[in-house]
Amino acid sequence: MHELMRASGLLEASQIAQLVPEPVSENEILSSHTRDYVEVVKSIDIGGIVPSLGEYGFGPGDNPPRRGLFRDASLTAGGTVMASETVLNGTARNAFAPAGGMHHHAMRGYASGFGIFNDAVIAIKRAIAQDIRVLYIDIDVHHGDGVQAGLYDTDQALTISIHESGAWLFPGTGAPDETGEGDGAGYSVNIPLAPNTDDDLWHHAFDTIVPPIAHAFRPDLLFTQLGMDTHRDDPLAHLNMTTQGHNLAVQKFAAMARELDCGWVAVGGGGYDMRAVARGWTMDLGTMAEFVLPDQIPQSYHSLSNMTTFKDGTDYRQPPDFRNEVEQHNNEMLEEVKSRCFPVWGI
């Protein structure tokens, strides 16, 4: 990704500043995670023997224990906090921390889905402590369950996750009836989609739910998670989006930030087809910086092969009957989301 950004001239653009983050402090981590869990991560980091690793989400699978775990997760969270603070203090209009967002499954007391310290929750809680109202929108193919859980009882942050339905995909959550509790009742919105949802169907769902609620909430800060695993070539999920379909969502976020007159922080997230990740996040930063990328991948770029254009071809089509089933499922979900969430916001 970085090499493609450089080859495209994006990182040398006058409106781009590259900042070097520091690891977030342990006290900041403890705002969003339990002491016991943090101590376990610190022990793993130095190669310690920790009993009952499984109770904290570590072991075979998504979260193997390894040296450097605390250091790396702290640095990732530090990048996201730096991005947020850079926007909140007025230094930049928006900021992108692509290493962030991958930890959106991390829970208060255990690791999950590659996530160790939930950088988004840490940064958002820091913003809330400054009386900042935050709108968090997660477009990763997997439900943003860790962020939802970390902010489930507050009315100072509204979380919206649009994702492949948990009926088919990890983490199995993100149904329309997960709407928050206590002070946060009504402040969690979930839009579960059927496998094989394409660009047009995805954007219909997005346009139906997200803008009306965003404008009703009127945040001080827009915080978006830009997972690239909605891509049709991603090996871990089943949506059928293109790089340009993903980037259209980022263009809508740019317009939303202007309309709401608020700062905008973006983080990365999932993405397991490297060609989609490199192209998609380069396009996203280009959108955020109002930088026009070339149509073709520069000839000087050699990190990944078989890449000629930033946008995907549009020759992929699903059988009409099959697509109709996907559309019907999504429309039923949208009606349920509207019935549960729109009355809360007077829509």
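**Exercise 1. A backbone angle at D131**

Locate D131 in this predicted model, and work out whether the residue is buried or exposed.

*Solution.* Begin with the position along the chain: D131 is found in the loop between α5 and β2, the latter covering residues 134-138. Turn next to the backbone, where D131 has a positive phi of about 65° although the residue is not a glycine. For comparison, most residues other than glycine have a negative phi. Finally, consider the surface: a residue counts as exposed when its relative accessible area is over 50%, and D131, at 68% relative accessibility, is therefore exposed.

**Exercise 2. F114 and a peptide bond**

Determine where F114 is found and which class of accessibility this residue belongs to; then state what kind of peptide bond joins F170 and P171.

*Solution.* The first step places F114 in the loop between β1 and α5, a helix of residues 119-128. In the second step we read the backbone angle, and F114 turns out to have a positive phi of about 75° without being a glycine. In the third step we use the cut-offs, by which partly exposed lies between 20% and 50%; F114 has a relative accessibility of 31%, so this residue counts as partly exposed. The last step concerns the bond between F170 and P171, which is cis, with omega about 5°. P171 itself is found in the loop between β3 (157-164) and β4 (188-193), and, as a general rule, most peptide bonds are trans.

**Exercise 3. The buried face of α3**

List the buried residues of helix α3, and explain why they line one face of the helix.

*Solution.* Helix α3 spans residues 35-45, and its buried residues are Y37, V38, V40, V41, I44 and D45. Looking down the axis of α3, we find these buried residues within an arc of 160°, and therefore they line one face of the helix. The spacing can be understood from a general property: an α-helix has 3.6 residues a turn, so residues three or four places apart point the same way. The cover over the buried residues of α3 includes α2 (26-30) and α4 (69-88). Just after α3, G47 takes a positive phi of about 85°.

**Exercise 4. An aromatic pair**

Describe the geometry of the pair formed by Y37 and F58, and say which parts of the chain the pair ties together.

*Solution.* The ring centres of Y37 and F58 are 6.2 Å apart, and the angle between their planes is 15°. Planes under 30 degrees apart count as stacked, and the pair is accordingly described as stacked. Since Y37 lies in helix α3 and F58 in the loop between α3 and α4, the pair ties together parts that are 21 residues apart in sequence. Y37 is buried, with a relative accessible area of 0%, and F58 is also buried, with a value of 5%. Ring pairs link Y37, F58, F70 and F117 into a cluster.

**Exercise 5. Two pockets**

Find which residues are closest to the centre of the largest pocket, and how the lining of the second largest pocket divides by residue type.

*Solution.* The largest pocket holds about 870 Å³ of space. Of its 29 lining residues, A17, Q18, L19, F96 and A97 are the closest to the centre. The lining of this largest pocket divides into 18 nonpolar, nine polar and two charged residues, and α4 gives the most to it, with eight residues. The second largest pocket holds about 310 Å³, and its 14 lining residues include D198, D199, D200, Y316 and R317, which are the closest to its centre. The lining of the second largest pocket divides into one nonpolar, six polar and seven charged residues.

Methods:
Residues are numbered from 1 along each chain as its sequence is written. This is a predicted model: local features need pLDDT of at least 70, side-chain atom pairs count only at pLDDT 80 or more; totals for chains, interfaces and linings use all residues. Side-chain values use heavy atoms; hydrogens and water are left out. Buried means under 20% relative accessible area, exposed over 50%, partly exposed in between (1.4 Å probe, protein chains only). Helices (H or I, at least four residues) and strands (E, at least two) are DSSP runs, numbered from the N terminus. The arc is that of the directions from the helix axis to the C-beta atoms. Contact means heavy atoms within 4.5 Å. On a 1 Å grid over the protein atoms alone, a cavity is a set of points where a 1.4 Å probe fits but cannot get out, and a pocket is an open set with protein on both sides within 12 Å along at least five of seven lines; lining residues have an atom within 4 Å of a point. Grid points are joined across faces, edges and corners, and a volume is the space filled by probe spheres set on the points. Ala, Val, Leu, Ile, Met, Phe, Trp, Tyr, Cys and Pro count as nonpolar, Asp, Glu, Lys and Arg as charged, and the others, Gly among them, as polar. Rings of Phe, Tyr and Trp (its six-membered ring) pair if their centres lie within 6.5 Å; planes under 30 degrees apart count as stacked, over 60 as edge-to-face and the rest as tilted.
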